[in-house]
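Here's a quick tour of one protein chain, going from the overall fold down to a single residue. Have a look at the model first.

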Amino acid sequence: MNAKKYNNLKLAVGIFEGTAGFILMYLFVWLGYSLQLQNYLSGFIANNYLLLIAFLFTIGIIGTILSAPLSYYSGFYLEHKYNLSNQTFVKWIWEGFKGLLVSLVIGIPVLLIFYFFLNYFGTNWWLPFAIIMFFFSVILTQIFPVLILPIFYKITPIDNDELKQRINSLAANARINVENIYRFNMSKNTKKANAAFTGLGKTKRIILGDTLLENFSQDEIETVIAHELGHYKKKHIIKNIFIGTATSFLTLFVIALLYKNSLSWFGFESISQVAALPLLALWSTLIGIIQTPLGNILSRKFEYEADEYAVNETKSPGIFTNALEKLNEQNLGDKEPHPFVEWYFYSHPSVNKRIAAINSKGINENNTAGSNNNFETIRN
C-alpha cells in the first residue's frame, strides 16, 4: 500500500508541476511579459548572446523559486516519509546545487550554439543543430562515467574477485569488452539499489551501487548484469541511437516549423527574437506529450527482450524473479500500476508483468544466477 501511495504521489506531483509550468510559460508569453523582460534586459545588455543568457537565467531563477515547494515535497519530504532517503536537508541542497552547476556548464555552450545556428541558418537552424547534438550526445556519453559521475559519487573498483570473475565471464560470453567493474556510494543519498552499464568505447564500464552489493547475493547481482548485457547483445543500444537520431531530426524539424508559424500569434517578428524563444519550450512540451508513450512502448519491448536474455543466459528464472521482487520492494516500486499509467509513463514493464513473462518462458532452473534490473527499471 505504501508503494502505491508513494508512486501515486510522485506521479501526481510530476503531472501537476509539468502542467503548471506549461500554463505559466504560456501566460508569460501570451500576456507580454516575455517581451517586457527582453526589453528591460536589452537596456543593460547590447550583445544578443549575453542577452539570451541573461533572459534564460532570469526565467530559470523565477522558475526555481516557484517550483521550490514542489521540489522539496517530492525530492526531500516524500523520500524521507517513506524511508528511502539518507540525505540531510543540507546535503539535499548541495547535491541539487552541484547538479545545477553541471547543467550550466553543459547547457550554456549548447544554448549559444543553438542561437548561433538560429541567426546564421534562419528557418533551417534545426538541421545543423540536430547534427551537432548527435555528436554532442555521443561525447557526453563517453565522458559521463569519468568526468561527470565522480562529481556526485565516489567511484572505486569492486574488491570482490569472485564477483568480478563471474561478471567478466558473462561479458566474455556476450563478446563485450568491459574496462572495469566499479562500485559507487549510492547509499550516501538513498536506500534504493541500482546498477548500470555506462560509457562508450574505452570509457564503457559496469557500475554497481553499494546498496546493491550489500543487500543482494552474488547470483542476484550476476543476473542484474546479465540483463544489462542483454541490451548490448540484442543491439538495443545501436537501435536506440538510430531511432533516437531519426526522432531528434524529425522532432526538431516539426518544432522549427511550428515555431516559425506561431510567431505572429504572439506579436513576435523574428525567429531569433529572444522574447519568442519560450515558444520553443511550449512546442517541445506538446510534442513530448505525444512522443512519451510511443517511446515507452519500444522501451518496454526492449526490457522484455533483455529479461529473456538474462534468463536464457543464466538458466535461473527463480533467482531472477526473486531479485526483481527484492529490487521492487527496496525501491518501493508499484507492482500493479494503473494500466494507463503504465502504458503512458513507464519505460519498463511493471514487476508483476515482467515476472509473468519470465515464468511463461519455462526456462529450467540450474545453479547459475538469473535476475536483474537497471537504473530506469528501478525508478519504475
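What follows covers the whole chain and then zooms in on one serine.

This is a predicted model, where local features need pLDDT of at least 70, side-chain atom pairs count only at pLDDT 80 or more, and totals for chains, interfaces and linings use all residues. Residues are numbered from 1 along each chain as its sequence is written, and side-chain values use heavy atoms, with hydrogens and water left out.

The chain has 14 helices and 4 strands (DSSP runs, H or I of at least four residues for helices, E of at least two for strands, numbered from the N terminus). Its radius of gyration is close to what the globule rule gives (C-alpha atoms; 2.2 Å times the number of residues to the power 0.38), so the chain is as compact as a globular protein of 380 residues.

| Property of the chain | Value |
|---|---|
| Radius of gyration | 23 Å |
| Globule rule for 380 residues | 21 Å |
| Span of the C-alpha trace along its principal axes | about 70 × 40 × 40 Å |

Of the contacts (heavy atoms within 4.5 Å) with a separation of 6 or more, 75% join residues 24 or more positions apart. Buried residues (under 20% relative accessible area, 1.4 Å probe, protein chains only) make up 43% of the chain.

Now for S34: is it buried or exposed? S34 sits in helix 2, residues 33-42, and is buried, with a relative accessible area of 0%. Leaving out residues up to four places away in sequence, S34 touches F28, V29, F55, A275 and P278. With A275 there's also a polar link: a polar atom of the S34 side chain lies 2.5 Å from the backbone oxygen of A275.

Terms used
Buried means under 20% relative accessible area, exposed over 50%, partly exposed in between (1.4 Å probe, protein chains only). A polar contact is a pair of N or O atoms within 3.5 Å; within protein, one must be able to donate a hydrogen and the other to accept it, and residues adjacent in sequence count only if both atoms are side-chain atoms.
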